[in-house]
Structures are given as structure tokens and as C-alpha cells.
Amino acid sequence: MALSKKVQRKTRELIDSKHMLKSITLASFLESTIVPIPLETVLIPLMQAKRELLWKIALMATIGCVIGALFGYALGYYLFDVFGDWLITTFFDEQQFNDVQQKMQAQGFWFVMTLGIAPIPFQVAMLAAGATKFSLPLFLLATVIARSVRYFGLAMVVYVAGNHAEKLIKRYRMKAVAAITLLVLLLWWLSNLLG
């Protein structure tokens, strides 16, 4: 069975499930940590079918992602101490890693924000933040903002466009992601300019 057919079947099952909101939280956690399938493929039809729960679905997806981000941060924070020396000597040199660490400390908030919105695996931001011991509160703030933009943005499109949301998102998704990413990069650049 094709992957899209499996996703459609699982989405139909999820719509009727009494554990739908918990399942969304779990799916969001898995998507942010290990499952490479974008959650939007499930969220959009689910939001269209359950409009009365639209904002709760977005909230639960955001919460699941934040829990997943904490998990990824912890992996980077604790496992880097175990495997860090090997990683540095294998893939970097000490100076390169020190440069990355300094940039993460100085620009980590914007780095996490950008990767949280852009269509780049968020695991990179989580592990880098943990490995460089980046501020956990700033990491969480950037994660919450970025993922809220993503999930509540989807909810807003479904709220406004109704049954046409899926077509609109498919048509304009990459343009919207590019525009939001450019906006974040512009804000990042302005913060450097003014800071």
C-alpha cells in the first residue's frame, strides 16, 4: 500500500478516535524526533474534519513538538559529553567546533527559530542547542514561537479557507515557508545590526 494511502487511512481512523488529541501530541513528538513524515499530511484533513477542535489540535501539535524538542536537546546535552570528542575529531577540528559553539551562543535563538520554520529537519537545531549547552529557556522560547507559527498558521488557513485549505496549502506552502523564513532571517539580521 502506498504511503499516502496509509496516511489517509490512519487519518480517517484518527478523526473518529476518542484519543485524537493525545494521538496528535504523540505524532508531533515522533515527527520532531524520529519520524521523517511531515505532520501536516495528517493535521490538515484532521483540522478540516474537526473544525470545532481546530485550535486544540494546533495546541496539542505544538506541545508534542516542544516535548520532542526537549528530548532532542537532552540527547545533545548529555550524549555529546559521551561522544563529543569522537565527533569533533572525526568530523571537525577543535577550532571549528569552538566557532560553532560561539555562534550558537551568540545567534542560537535565531538559528533555532529559522530551523523551526524552514523545511529543514528540526533535529539539527535540537541537537546543536543541547551539544553547545545553549540556554534552555531561549531554546524553548524559539521552539514555541517557531512551531506555533507552523501549527497555528495551518489552523488559521483551515479556519479561513475551510474545505479549500488543503488545496491552498499544497499550492502555496513553499512560498509561505520561504516568506516566513526570509522574515525570520531579516529579523535576525536586524538584531545583529542593532545589537
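In this predicted model, Glu-31, Glu-40 and Arg-150 are joined in a network of salt bridges. The salt bridge count comes to 2. One of them pairs the side chains of Glu-31 and Arg-150, with an N to O distance of 2.9 Å. Glu-31 belongs to helix H2 and Arg-150 to helix H7, so that this pair links distant parts of the chain, 119 residues apart. Both Glu-31 and Arg-150 are buried.

The other partner of Arg-150 is Glu-40, and here the closest N and O atoms lie 2.7 Å apart. This pair, too, links distant parts of the chain: Arg-150 sits in helix H7 and Glu-40 in helix H3, with their positions 110 residues apart in the numbering. Glu-40 is buried, as is Arg-150.

Glu-40 also leads to the nonpolar interior, through a residue of the core. Leu-154 is in contact with Glu-40, and further with Leu-43, Ile-44, Met-47 and Ile-169, when its neighbours within four places in sequence are left aside. Leu-154 is a member of the largest nonpolar core, which has 20 residues. Leu-154 is among the members that touch the most others, a group that also holds Ile-24, Leu-43, Met-47, Ile-57, Ala-61 and Tyr-151. Five helices each give two or more residues to this core: H2 (20-33), H3 (40-49), H4 (54-91), H7 (136-161) and H8 (165-194). The helices of the salt-bridged residues are on that list: H2, H3 and H7.

A second core is separate from this one and has 19 residues, including Tyr-73, Val-112, Leu-115 and Ala-146.

Nonpolar side chains are also found on the surface. Phe-71, Leu-75, Leu-79, Val-82, Phe-83, Trp-86 and Leu-127 make a nonpolar surface patch of about 670 Å². Helix H4 supplies the largest share of this patch, with 6 residues. Helix H4 is also one of the contributors to the largest core.

Leu-127 is found in another helix, H6, which covers residues 123-131. Why can Leu-127 count towards the patch? Its relative accessible area is 38%, which makes Leu-127 partly exposed, and a patch residue needs over 30%. Leu-127 therefore passes this cut-off, although with 38% it does not reach the range called exposed, which begins over 50%.

Key: Residues are numbered from 1 along each chain as its sequence is written. This is a predicted model: local features need pLDDT of at least 70, side-chain atom pairs count only at pLDDT 80 or more; totals for chains, interfaces and linings use all residues. Side-chain values use heavy atoms; hydrogens and water are left out. A nonpolar core is a set of buried Ala, Val, Leu, Ile, Met, Phe, Trp, Tyr and Cys residues joined through side-chain atoms within 4.5 Å. Buried means under 20% relative accessible area, exposed over 50%, partly exposed in between (1.4 Å probe, protein chains only). Helices (H or I, at least four residues) and strands (E, at least two) are DSSP runs, numbered from the N terminus. Contact means heavy atoms within 4.5 Å. A salt bridge is a side-chain nitrogen of Lys or Arg within 4 Å of a carboxyl oxygen of Asp or Glu. Patches are made of residues with over 30% relative accessible area and no salt bridge: like charges are joined within 9 Å, nonpolar side chains (Val, Leu, Ile, Met, Phe, Trp, Tyr) within 5 Å. Accessible areas come from the Shrake-Rupley method with a 1.4 Å probe; for residues, only the protein chains shown count as cover.
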